[in-house]
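Colleague: I would like to go through this model with you, starting with the salt bridges. Could you take me through them one at a time?
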Amino acid sequence: MGHTSLEKIIALQKKTPHIRNLCILAHVDHGKTTLADCLVASNGIISSRLAGKVSGPTENYQLLKANNSLKMFSFIIFFYYCIHQFAEMYSQKMGIRSSVLLKTLWGDFYLNAKAKKIMKGAQSKGKKPLFVQLVLDNIWSMYDAVVTRRDKEKVEKMVTSLGLKVMSRDLRHSDPKVLLSAICSQWLPVSQAVLSMVCEKLPSPAEISAERVEKLMSVGARRFDSLPEQTQELKKAFLDCSADETAPVIVFVSKMFAVDSKALPQNKQRPLTQEEIAQRREQARQRHAERQAANQSAESPGAGCIATPINRCITEALSVKTAVEEDNKEHFVAFARVYSGVLRKGQKVFVLGPKYDPSLALRLPEGCSAADVLPSVPHMACCTVDSLYLLMGRELEELDEVPTGNVLGIGGMEEFILKSATISTSPSCPPFTPLNFEATPIVRVAVEPKHPSEMPKLVRGMRLLNQADPCAEVLIQETGEHVLVTAGEVHLQRCLDDLRERFAKIEISASKPIIPFRETVIRPPKVDMVNEDMGKQQKVAVIHQVKEEQTKYPEGVQVDSTGLVTLTTPNKMATVGVRAIPLPEEVTRLLEDNVELIRTMEQFSLFAWEDKTLDINQKILENIQEFKVKLESNLQGRKWRGAVERIWAFGPRRCGPNILLNSVEGYRRPSVWQCLEREKETEKAEIRDFDNSIASGFQLATLSGPMCEEPLMGVCFSVETWDMKLSAPLAQQDSIDEDSQTAEPNIDNQNESSDTHETNASSASSNRSRSGAEATGSSVDCYGPFSGQLIAAMKEACRYAFQAKPQRLMAAMYTCEIMATAEVLGRVYAVLSKREGRVLQEEMKEGTDMFIIKAVLPVAESFGFADEIRKRTSGLASPQLVFSHWEVISSDPFWVPTTEEEYLHFGEKADSSNQALKYMNAVRRRKGLYVEEKIVEHAEKQRTLSKNK
């Protein structure tokens, strides 16, 4: 197929029923690029000989059966077919109708050669199925003649009978797969098979369903019928998919991608006209004459007249430098799809961010447009469409307009869109939900320029990188460090290279990767470090150790033998009793998987606190009910009786995998499940004064634990006592404190992307409480406002309760999938065990000599893992790493020998390597916290090992 002209593509874009939007999904190195290249090559955009050559195709046959249409493809020889191609071929040769062959080519049918009929029951009669007879046997014979036997005569006969034209250089090539690819790509071209399948099976944009439209328009927890009336009316525009002048423009931008200035159509070199050639010739003559005049004047005695040519040269050099910098500048193009209307170049539109609320459009004048002067609305901006592009492989073609249903690129949006957004001519349009990515950003590095004067360039470069990479995150910590968060080692290296070479274009220094950990508590272990049951001797030793630690607690903190911590505020006006309980693994995993539901519940509680209502989608309510039932089924036993109904809050960030439990006798506060109980008649629950201070202290405690200031995970804090002796001035202050603290949940929800922001949110709430108290002029003692004291007391009580239980670190874990041959399996296992990995499964891939090994590997041990495993196996094993889960590190970082067996096994100092302690000390050292370690021991006994002379 030849290159399609731009005019023809523009005409085709206007036929919405003929448009098909296709997405190719597959694993790494499984043929995505090869398939895409074959499709693009059929349109003349790239050479068909280069299709799939860059990425190295995978030898893999696949069978796909859907709606009685079979597709088979092999990316090593670049062919792909549908059964209707063979049905049409054999219907002419055998005289059987094509419709009959379409029904029988795939199934338990066979061909009776004598009767020349297609019969049923091939398997029971021991006959070859029709598909094998007519399709596979022909492909296998072609493969056998070309690759196995290399029979030139048979190959030439096959090529002639099929009417193919194979180049003589392919026939003479030493690699038989080159010839096989040349034959099959003409006999069964991938482009024709994919095009026919796409046209038959995929719907056009005009066939969008009403259910899908409502799902697209319902952002977060909102129901479609709860949206404003003007917003609901846009459903018709989605369904009509009209390109009329009156249809509102609705466009979704899924990502921003960076392109070089030279790749933009307006900057491409084009053939010069005769007039331009003559003009450039005249300019060259003038410059030559000026140089000659300058040289003559320089040779003359009076050299004062050379200033003008020198100034002109300097001006030209500066202009050239500016032009070069402009050429090297990165531009961003928005990748988008039009859902309604026609998007035109120069059109005024609204850019709606992911957090935009369409109900705010009710404040705007009716029938307003983006060209009008309008008041400021949060998360909404007005802009002019700068340029529109047709995406032709790597090339961009400029367009004047793009009708509905098409995919396009939009230029000039980098100032208005960070990563994704919705573009519309109607302010009532709801924003589309941002895309979710499987790869979780987990690896952090702190980045700084080698030359401090280049800090502005680094800041700009990191902003551009954040915009260009949808999976990367850029944060600024309290210390002023610029932190880059990526999905893994390879992604990190790619981001750093882009920062150096494309976006910042400066020399940068990156810290060692910052690996996140989590802190948790576990049940008291039943066996000691030498795997023996804990006897009476160890229990006595542990009791003595607890009594010794009891003396370390400050005044006002009491810890009993069961782990209950009682702490009093500095002004002795309040006492809280908290106990830390480890959550079951199933509950922790459940909380992690339902963060969005918990956030919705918290938002509903916030609205109820402010006497407002939040309409939640019925499906989301059903999901919350299912979440509650699963939570109840996993929290079984005497100590968890009624615990689900007594949940006070989740944390950190009010949606994390930790629970605050209300076990205060006689205190019945509003449930976190209010959204499920709003239709039921329930007793009116009252909130005690300073209730939010207890929750704020819990949020701060779970955000940074006592081991190494990392977030907690899988811990339940049960508040068992809460006594307050409120004086009259404090009672007058209650309303001010509570009003100032009700804003805290909203702050937490808005700043869930960063630990630093969460700390700022909590401290901001405390500051507002403090300012409110000071404004009253009462209840301010030498210890500060009472609400602040209660927050600090609750935070410290949670930390001491945490320390009263067996503490453990949790490490981030990768799922590691390795493909390796049998010869190198031992080396693969050696590398995994060296890096604290654990093999889960090993199976052989059918039809090959390859083994697929599935293992888990700590993220902290993954750096350099891929390189090491390739070196140790000489490239015969290749790993794939994907973030999987958090796992408790079994060793106790604070362990000391207590039993006689442990003393014998580990020695008095027990100075053998403790992996958890190593991780904990590394994090504490990085954060500037105190690290308890002995640098030199028994220094007076140290001596040199060299011989005395």
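Modeller: Certainly; please bear in mind that this is a predicted model. Asp498 forms a salt bridge with Arg494, and their closest N and O atoms are 3.4 Å apart.

Colleague: How are Asp498 and Arg494 placed in helix H15?

Modeller: Helix H15 covers residues 489-503, and the two residues are four positions apart in it, so about one helical turn separates Asp498 from Arg494.

Colleague: Is Asp498 buried or exposed? And what about Arg494, buried or exposed?

Modeller: Asp498 counts as buried because its relative accessibility is 14%, under the 20% cut-off. Arg494 is exposed, with a relative accessible area of 51%.

Colleague: Which residue does Glu602 meet in a salt bridge?

Modeller: The side chain of Glu602 meets that of Arg654, at 3.9 Å from N to O. Glu602 belongs to helix H18 (residues 595-609) and Arg654 to the loop between S24 and S25, so this salt bridge ties together parts that are 52 residues apart in sequence.

Colleague: Are Glu602 and Arg654 buried or exposed?

Modeller: Both Glu602 and Arg654 are buried. The loop between strand S24 (647-651) and strand S25 (658-662) also holds Pro652. A cis peptide bond joins Gly651 and Pro652, with omega at about 0 degrees.

Colleague: Why does a cis bond deserve a remark?

Modeller: Because most peptide bonds are trans.

Colleague: Back to the salt bridges. What does Arg808 pair with?

Modeller: Arg808 and Asp892 meet through their side chains in a salt bridge, at 3.5 Å from N to O. Arg808 lies in strand S27 (residues 807-821), while Asp892 lies in the loop between strand S30 (878-888) and helix H28 (900-906), so the pair ties together parts that are 84 residues apart in sequence. Arg808 counts as buried at 6% relative accessibility, and Asp892 counts as buried at 18%.

Colleague: How many salt bridges does the structure hold? Which residues are linked in a network?

Modeller: The structure holds 25 salt bridges. Asp144, Arg149 and Asp151 are linked in a network of them.

Colleague: Turning to helix packing, how do the axes of H5 and H6 cross?

Modeller: The axes of helix H5 (residues 130-148) and helix H6 (residues 152-162) come within 9 Å and cross at roughly 135 degrees. That angle makes H5 oblique to H6.

Colleague: Which residues of H5 and H6 meet?

Modeller: On the H5 side they are Ser141, Met142, Ala145 and Val146, which meet Lys154, Val155, Met158 and Leu162 of H6. By class, this contact of H5 with H6 has six nonpolar residues, one polar and one charged.

Colleague: Next, backbone angles. What is the phi of Cys241, and where is Cys241 found?

Modeller: Phi of Cys241 is near 50 degrees, a positive value in a residue other than glycine. Cys241 is found in the loop between helix H11 (229-240) and strand S6 (250-260). With a relative accessible area of 7%, Cys241 is buried.

Colleague: Why is a positive phi worth flagging?

Modeller: Because most residues other than glycine have a negative phi.

Colleague: And what is the phi of Glu836?

Modeller: For Glu836, phi is near 65 degrees, which is a positive value in a residue other than glycine. Glu836 is found in the loop between helix H26 (825-834) and strand S28 (838-844), and at 43% relative accessibility Glu836 counts as partly exposed.

Terms used: Residues are numbered from 1 along each chain as its sequence is written. This is a predicted model: local features need pLDDT of at least 70, side-chain atom pairs count only at pLDDT 80 or more; totals for chains, interfaces and linings use all residues. Side-chain values use heavy atoms; hydrogens and water are left out. Buried means under 20% relative accessible area, exposed over 50%, partly exposed in between (1.4 Å probe, protein chains only). Axes are lines fitted to C-alpha atoms, for helices over the stretch in contact, and angles run from 0 to 180 degrees between N-to-C directions. Angles under 35 degrees count as roughly parallel, over 145 as roughly antiparallel, 65 to 115 as roughly perpendicular and the rest as oblique. Contact means heavy atoms within 4.5 Å. Ala, Val, Leu, Ile, Met, Phe, Trp, Tyr, Cys and Pro count as nonpolar, Asp, Glu, Lys and Arg as charged, and the others, Gly among them, as polar. A salt bridge is a side-chain nitrogen of Lys or Arg within 4 Å of a carboxyl oxygen of Asp or Glu.
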